[in-house]
Amino acid sequence: RKATNVGGTGDIEDAVPIEVRGFSLATVVLFIGAALTVFSALDYTVFSAAGTGFGLGGLTFIYAIPVLVLGAALSYAELQPVEIKVQPDADGLFEKLATPTLKKIKNDVTRHRYGDDAHLDSSLKALGLTGAGRYPQLKTIVESKAPNGELQFTMLFQSRDVPFTTWSDPLKIVACDRFFGPGVWSEIFKYSSQDRMAALRLTTGTKPTESKKEEEVAATEEKAAA
């Protein structure tokens, strides 16, 4: 896998030839292993005693244990899909305004992953948002509508090992603009001090000037107060 080069010239993640969506592969494998184990035990004891056994108890047991071990390994290495929250006023906005990069991000984090340290781990590493070999964990994505009608794509990371001072470095904003662009601009803010949550917001369109940005913030606050 690879991350986008700073400048927005690469891919967020490599294309995956087979994607698992809508169910957990680990759960399926564990279920198959458990079913084989139960069948093996019943065939060897209950069915054999009643004279109706299939004589396959020993054979299925040989396969059941490796399947259970594989399922347990997949379960341990599994990353759950990220929760997507869409604000009522942003319904359908993603499909209309999302850039190819935003679509790749959403596609990548809304499926089960196996063997990765975190969702978007290679991207976080490229941006220097890691600490002692540990990665911030992407917990939720919130889709909302900006005051000017653009799409706001806010990624909420639990960042226990990366201090917010690292996130809030002005150079990180510049790097994120280039990394996730073109067509979006970045904001980073502290979402929850108690839960160590940092927010990385990508907004479509052109980055506003400071005065324009202050007007939009004021409009957002007025809307919230109403």
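These legends accompany close-up views of a predicted model.

**View 1. The whole chain, with its helices and strands.** The protein chain has eight helices and seven strands. Of its 226 residues, 38% are buried. Many contacts span long stretches of sequence. Take the contacts between residues at least 6 apart in sequence: 64% of them join residues at least 24 apart.

**View 2. The segments listed as transmembrane.** An unreviewed UniProt entry lists residues 23-42 and 54-77 under "transmembrane region". This annotation comes from the record. The model adds detail for residues 23-42. This stretch is 90% helix and 0% strand. Its end C-alpha atoms lie 28 Å apart.

**View 3. The largest cavity and its lining.** The count gives one cavity of 30 Å³ or more. About 40 Å³ of space lies inside the largest cavity. Its lining is formed by L120, S123, L124, L127, L129, F157, F180 and L200. By class, seven of the lining residues are nonpolar and one is polar. No charged residue takes part in the lining.

**View 4. T204 in strand 7.** T204 sits in strand 7, which covers residues 197-204. Its relative accessibility is 3%, so T204 counts as buried; the cut-off for buried is under 20%. The side chain of T204 makes a polar contact of 2.5 Å with the side chain of E150. Leaving out residues up to four places away in sequence, T204 touches L97, L102, E150, L151, G183, V184 and W185. E150 therefore appears in this view both as a contact of T204 and as its polar partner, with T204 itself buried at 3%.

**View 5. T203, also in strand 7.** T203 belongs to strand 7. Is T203 buried or exposed? T203 counts as buried because its relative accessibility is 2%, and buried means under 20%. Which residues does T203 contact, beyond its neighbours within four places in sequence? They are A146, E150, L151, Q152, G183, V184, W185 and E187.

**View 6. T203 and T204 together.** Both threonines are placed in strand 7. E150, L151, G183, V184 and W185 are among the contacts of T204, and these residues are also among the contacts of T203. L97 and L102 are listed for T204. A146, Q152 and E187 are listed for T203. The 2.5 Å polar contact shown here joins the side chains of T204 and E150.

Key: Residues are numbered from 1 along each chain as its sequence is written. This is a predicted model: local features need pLDDT of at least 70, side-chain atom pairs count only at pLDDT 80 or more; totals for chains, interfaces and linings use all residues. Side-chain values use heavy atoms; hydrogens and water are left out. On a 1 Å grid over the protein atoms alone, a cavity is a set of points where a 1.4 Å probe fits but cannot get out, and a pocket is an open set with protein on both sides within 12 Å along at least five of seven lines; lining residues have an atom within 4 Å of a point. Grid points are joined across faces, edges and corners, and a volume is the space filled by probe spheres set on the points. Ala, Val, Leu, Ile, Met, Phe, Trp, Tyr, Cys and Pro count as nonpolar, Asp, Glu, Lys and Arg as charged, and the others, Gly among them, as polar. Helices (H or I, at least four residues) and strands (E, at least two) are DSSP runs, numbered from the N terminus. Buried means under 20% relative accessible area, exposed over 50%, partly exposed in between (1.4 Å probe, protein chains only). A polar contact is a pair of N or O atoms within 3.5 Å; within protein, one must be able to donate a hydrogen and the other to accept it, and residues adjacent in sequence count only if both atoms are side-chain atoms. Contact means heavy atoms within 4.5 Å. UniProt positions are given in the numbering used here, feature names are shortened, and annotations may be inferred rather than shown by experiment.
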